[in-house]
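These are my notebook entries on a structure that I am reading for the first time. I set down what I looked up, entry by entry.

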Amino acid sequence: MKITNVSYERLDLKLSIPYTIAYETIDHTVNFILKIETDTAIVGYGCGAPDKIVTGEHPKEVEAALKDIILPYLKGKDPFTYAFILKDLKKLLGRKSSSLAMVDMALFDVVSKKADVPLYKFLGGYRQSIPTSITIGILSLEETMAQAKEFVQQGFSILKVKGGHSLAEDIEKMTLLHEKFPEVTFRFDGNQGYSVVDSVAFVKATSQIGIEIFEQPTKQEREERLGQVMDQIDIPLMADESLKTLTDVFRLAQNERVDMVNIKLMKVGGIFEGMHINSVAKSAGIETMVGCNDECALGISAGLHFALSRPNIGYADLDGHLDVVDDPFKGLFLLEKGVLYPSDVPGLGKINW
């Protein structure tokens, strides 16, 4: 099999509900769709969702990489040599992780379609479904409660709450949320907004809630602070911004700084690299969650198939598509009462593009 043509399209997507995290407010996202055609009837698709803070790329840098590197490089290649292709492209692309992830997804879409199985089965097929959390950004107390009520009515049983602006307000929100929705599982993302002292104080003040995951409360530049927090709390501490490479997970594991890691395909460079990172985490007894950026359903589908393929991946935060207006890839998977189910169609699902 050979790649005969490679093309892309840029999607400027609005979000139906802008949201705030500790360091910015977001109301839109840019996604790139990569299309790989082969000398058979098989066509593969990948999604890139650049974010300067998360992936190290502006959209204009991804577009330049597509035109100057990715498109000319891929033409004529055999997609089944994806390990070689991705290693070679990683050198050429440098730290453009969503650009690499986009190629990774499209190659895996092609080879699993050739195998005539859904991608999660091609990768290992460990699970048939996985529950996902849905995220509440930094809102007023009244808006937080209203959004939580809406999500619970939609059938979600796991809510991820963003914080980091105010310790007192975060404690009040989480306490009231738990009182109002005692049956809900809560995760909390500090988005690097806390000090070590504030992180420990937050966990102690919310101990009655049973928060499932405490995500990246301290600055990624001061990684040792994660270890200082972990040593003083009794709930799982997860790295997000501090984990972007295979070297990062090795260092986090070696220094015993976290209980969990959040693998986002856009952040780490795709499924192939994500599998390596997950293996290192597994060897150290560190559990894995698959997260996402603001991505259309094509990117989320890749994250879902990856999450379903490995026993060490027990958690998902794959909700980045839910606020995307006019998502052209709806229908690639099923979301029912907060649980994600893959399509039985080969590859990433049935794509009409």
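Entry 1: helices against the sheet. In this predicted model, I looked up helix 11 (residues 271-283) and found that it lies across strand 10 (260-264), strand 11 (287-291) and strand 12. I noted that helix 11 runs at about 175 degrees to strand 10. I then turned to helix 12 (residues 297-307), which lies across strand 10, strand 11 and strand 12. Its direction is at about 160 degrees to strand 11.

I also asked how many residues of helix 12 are buried. The count is 11 of the 11 residues, so helix 12 is largely enclosed by the rest of the structure. Among the buried residues I listed L298, I300, L304, H305 and F306.

Entry 2: the parallel sheet. I traced the sheet to which these strands belong. It is an open sheet of 8 strands in the order 5-6-7-8-9-10-11-12, with parallel pairing. Strand 5 (134-136) and strand 12 (313-316) stand at the edges; each has a single partner strand, so one side of each is left without a neighbour in the sheet. I recorded that neighbouring strands of this sheet are turned by 30 degrees against each other on average, direction ignored.

For one pairing in detail, I chose strand 6 (residues 158-162) and strand 7 (residues 185-189), which pair in the parallel sense over 5 bridges. I found that K160 has R187 in strand 7 as its bridge partner.

Entry 3: the antiparallel sheet. I found a further open sheet of 3 strands, in the order 4-14-13, and its pairing is antiparallel. Here strand 4 (130-131) and strand 13 stand at the edges, each with a single partner strand, so one side of each lacks a neighbour in the sheet. Strand 4 and strand 14 (residues 339-342) run antiparallel and are joined by 2 bridges. I noted V339 in strand 14 as the bridge partner of P131.

Entry 4: two positive phi values. I recalled that most residues other than glycine have a negative phi. I therefore looked up N191, whose phi is near 45 degrees, a positive value in a residue other than glycine. N191 lies in the loop between strand 7 and helix 7 (196-205). Is N191 buried or exposed? At 2% relative accessibility, N191 counts as buried.

D326 has a phi near 55 degrees, again a positive value in a residue other than glycine. I located D326 in the loop between strand 12 and strand 13 (333-336). At 66% relative accessibility, D326 counts as exposed.

Entry 5: a cavity and a pocket. I found 1 cavity of 30 Å³ or more in the structure. About 30 Å³ of space lies in the largest cavity. Which residues line the largest cavity? I wrote down I138, H165, S166, E169, D170 and K173. By class, this lining has 1 nonpolar, 2 polar and 3 charged residues.

I next looked up the second largest pocket, which holds about 390 Å³ of space. Of the 20 residues that line the second largest pocket, G94, R95, S97, K244 and T245 are the closest to its centre. Helix 3 (97-114), helix 9 (246-254) and helix 10 (265-268) each supply at least two residues of this lining. The largest share, 3 residues, comes from helix 9. I recorded the classes of the lining of the second largest pocket as 5 nonpolar, 7 polar and 8 charged.

Conventions
Residues numbered from 1 in each chain as written. Predicted model: local features only at pLDDT ≥ 70, side-chain atom pairs only at ≥ 80, totals over all residues. Heavy atoms only, no water. Pairing = 2+ DSSP bridges. Helix = DSSP H or I, 4+ residues; strand = E, 2+ residues; numbered from the N terminus. Axes fitted to C-alpha atoms, helices over the stretch in contact; angles between N-to-C directions. Contact = heavy atoms within 4.5 Å. 1 Å grid on protein atoms, 1.4 Å probe; cavity = no way out; pocket = protein on both sides within 12 Å on 5 of 7 lines; lining within 4 Å. Points joined across faces, edges and corners; volume = space filled by probe spheres on them. Nonpolar A, V, L, I, M, F, W, Y, C, P; charged D, E, K, R; others polar. Buried < 20%, exposed > 50% of the residue type's maximum accessible area, 1.4 Å probe, protein only.
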